[in-house]
Structure formats: structure tokens, C-alpha cells
Amino acid sequence: MEPLYEGKAKRLYATDDPNVLRMEYKDEATAFNALKKAEFANKGRLNTAITLAIYRMLEARGVETHLVDKVDDINLLVKKVDILLVEVIVRNFAAGSFCKRVGVEEGTQFKQPIVEFSYKSDEYGDPLINEDYAREMGLATPEECAELKRKALVVNEVMVDFFQRCGLKLVDFKIEFGRTKDDEAKIVLADEISPDTCRLWDLETGKKLDKDRFRQDLGDVMEAYEEVLKRVEKELS
Ligand code: C5P
């Protein structure tokens, strides 16, 4: 079956239900806007399991997501939504592009979380934008931007606490949102939440257990993802 859409890490397929899609997680990994590519056996399975567990945990705490059900080890059923082209990044500690942009030392803790918006565009490399850009580019209204920020901060609060119980520091993460088709007014969490999209450091040793192991050639990439899944499942059991 031909996918309706193929992204860097996932494929989307139609199902018998016009309001539901099947999301398949691939083993491919990309970094630096796909300048760096590799394939890791089991990555699809690990990110499917981690996203599923985190989404269920968030749903139980009142955060609405696009998740419908699990199909198998690498496939989830999700509500068909229009993905907003505004990615939301929340940072609790300085890392990655934040350090590069402003020269603050990696690991510096913020007094309050920083919320950033970026334009979801492979062509332009997901550049940093703000509410005014989003409004003028027709990506999201000011009210929607405020809603995205509010929802992202709730997700952050829940996840900081959850990952802490897993012995992990939630340094930062990126999330995406979609507008549901059935009720245009509703904006729900969509896409994935995994070590591909979060920075997670071991609380005791500071070891990086996320995609930075791939970006920075630190090795043991899938071992780190396995460790995250093990801790998440233990905490939820
Ligand atoms: O690279 P940067 O520091 O801006 O990334 C912040 C967070 O957002 C990191 O957890 C990173 O994995 C995630 N991210 C992502 N997809 C992007 C850009 C960043 O998942 N396109």
C-alpha cells in the first residue's frame, strides 16, 4: 500500500475509517535537517512504544492527543488532523540550538521554561519564528499561538514530573499539534514524543539518552532508547 505521506521518521497510511490514519515509525534517523542520515534497527519499534506510553500517560492527565490505538510494534492508529506548521519547543535547560544561538553554557537551568515556535518547513530548516510571523504567514492566529503555548507548558509540567520519576531530566522537547477534522475548533497533540524529539539526561550521571547520541556521534544510540523505554514502562507498571 502506498503511503499518503512519508516524512523523515514516519509514514502515514489511509485506513477503512476516513477519520483515522495508520502511522508507521521507520528505522531511519536524520539530524541537522536530514544532512546526516542513518538507519538503526529497532528504532521504529522503540519510538512507537515510547510515544504510545507517553501519550497514554498524558491522556490520563487530561491532555488530548491524536492517538486512537496501537496496531502493532511499529504502527499506531491516529486521528486524521491538519498539522499546524508551527512546531513548539519547550526548554528547561540550555542545550542544542539555544546554546549555539546565544552562547549560554549547556545544562544551565532556566528559572522558568522557555517556549519557542518554529516554522515546520524542511525547505527552510524549521526556522525560529514568533507569534507575529505565525499570524502574518497564516500559520496560526494569536489566540491559537496562546493556546499552543498554554498546552505545551501543561505537557512540560506533566512530563518533567514523569521523567523525573524515571530518573531522567527533561532538558527540552519539540511537539506538534493538529486541528481535528470533525471539530475544527479542537487543537490536539499530534506527531511523536520520543528520544528523537526530547533531550533526556540521566538524573545521576548526566548521560545523554536521546538523539544527541546520534547527532554528536556518542555511540550506543539504540541502547539509550532501550534504556528510556525500560524506565518509562517500569514507571507505568
Ligand atoms: O535543536 P534544538 O536545540 O532547537 O532542539 C530542541 C528540542 O527539539 C530537542 O529536544 C530536539 O530533539 C527537538 N527537535 C525536534 N525536531 C526538530 C527540531 C528540534 O524534535 N526539527
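For sorting residues by class, Ala, Val, Leu, Ile, Met, Phe, Trp, Tyr, Cys and Pro are nonpolar, Asp, Glu, Lys and Arg are charged, and the rest, Gly included, are polar. Keep in mind that the model is predicted.

**Exercise 1. The ligand shell**

Work out which residues come closest to the ligand, and how the shell splits by class.

Solution. Start with the count: 13 residues surround the ligand. The closest of them are G96, S97, K174, T197 and R199. Next, look for the elements behind the shell: α2 (96–102), β12 (168–180) and β14 (198–202) each give two or more residues. Finally, sort by class, and you get five nonpolar, three polar and five charged residues.

**Exercise 2. Overall dimensions**

Check whether the chain is compact or extended, using its radius of gyration.

Solution. First, the reference value: for 237 residues, a compact globule would have a radius of gyration near 18 Å. The chain comes out at 17 Å, which agrees. As for the box along the principal axes, the C-alpha atoms fill roughly 45 × 40 × 35 Å. Inside it you'll find six helices and 14 strands. Buried residues make up 34% of the chain. Then turn to contacts with a separation of 6 or more: 56% of them join residues 24 or more positions apart.

**Exercise 3. Two domains, one core**

Find where the largest nonpolar core sits relative to domain 1 and domain 2.

Solution. Begin with the division: domain 1 runs over 5–79 and domain 2 over 81–220. Their C-alpha centres are 17 Å apart. Their contact draws 19 residues from domain 1 and 23 from domain 2. On the domain 1 side, β4 (28–31) and α1 (43–60) each supply two or more residues, and α1 gives the most, with seven. That side holds ten nonpolar, six polar and three charged residues.

Now the core itself. It has 44 residues, and V88, L170 and L200 touch the most other members. Two or more residues come from each of α1, β9 (86–93), α4 (142–165), β12, β13 (187–190), β14 and α6 (221–236). Both domains give residues to this core, so it lies between them. Apart from it there is another core, of five residues, including L21, M23, L76 and V78.

**Exercise 4. A lysine in a strand**

Decide whether K169 is buried or exposed, and list its contacts beyond four places in sequence.

Solution. Place the residue first: K169 is in strand β12. Then count neighbours: K169 has 20 C-beta neighbours inside 10 Å, so it counts as buried. With its sequence neighbours within four places left aside, K169 is in contact with L200, W201 and L203. For a backbone distance, take E204, which is 35 residues away along the chain; the two C-alpha atoms are separated by 9.2 Å. Now flip the view to L200. Under the matching sequence filter, L200 is in contact with F163, L168, K169, L170, V171, P195, L209, D210 and V228.

**Exercise 5. Positive phi**

Say where A34 and D217 sit, given their positive phi.

Solution. A reminder to start: most residues other than glycine have a negative phi. A34 has a positive phi of about 70°, and its place is the loop between β4 and β5 (36–39). With 12 other C-beta atoms within 10 Å, A34 is exposed. For D217, phi is near 55°, and this residue lies in the loop between α5 (212–215) and α6. D217 has 9 other C-beta atoms within 10 Å, so it is exposed.

Notes
Residues numbered from 1 in each chain as written. Predicted model: local features only at pLDDT ≥ 70, side-chain atom pairs only at ≥ 80, totals over all residues. Near = placed C-beta within 6 Å. Helix = DSSP H or I, 4+ residues; strand = E, 2+ residues; numbered from the N terminus. Core = buried A, V, L, I, M, F, W, Y, C linked by C-beta atoms within 7 Å. Domains from an automatic or database assignment. Contact = placed C-beta atoms within 7 Å. Rg over C-alpha atoms; globule rule 2.2 N^0.38 Å.
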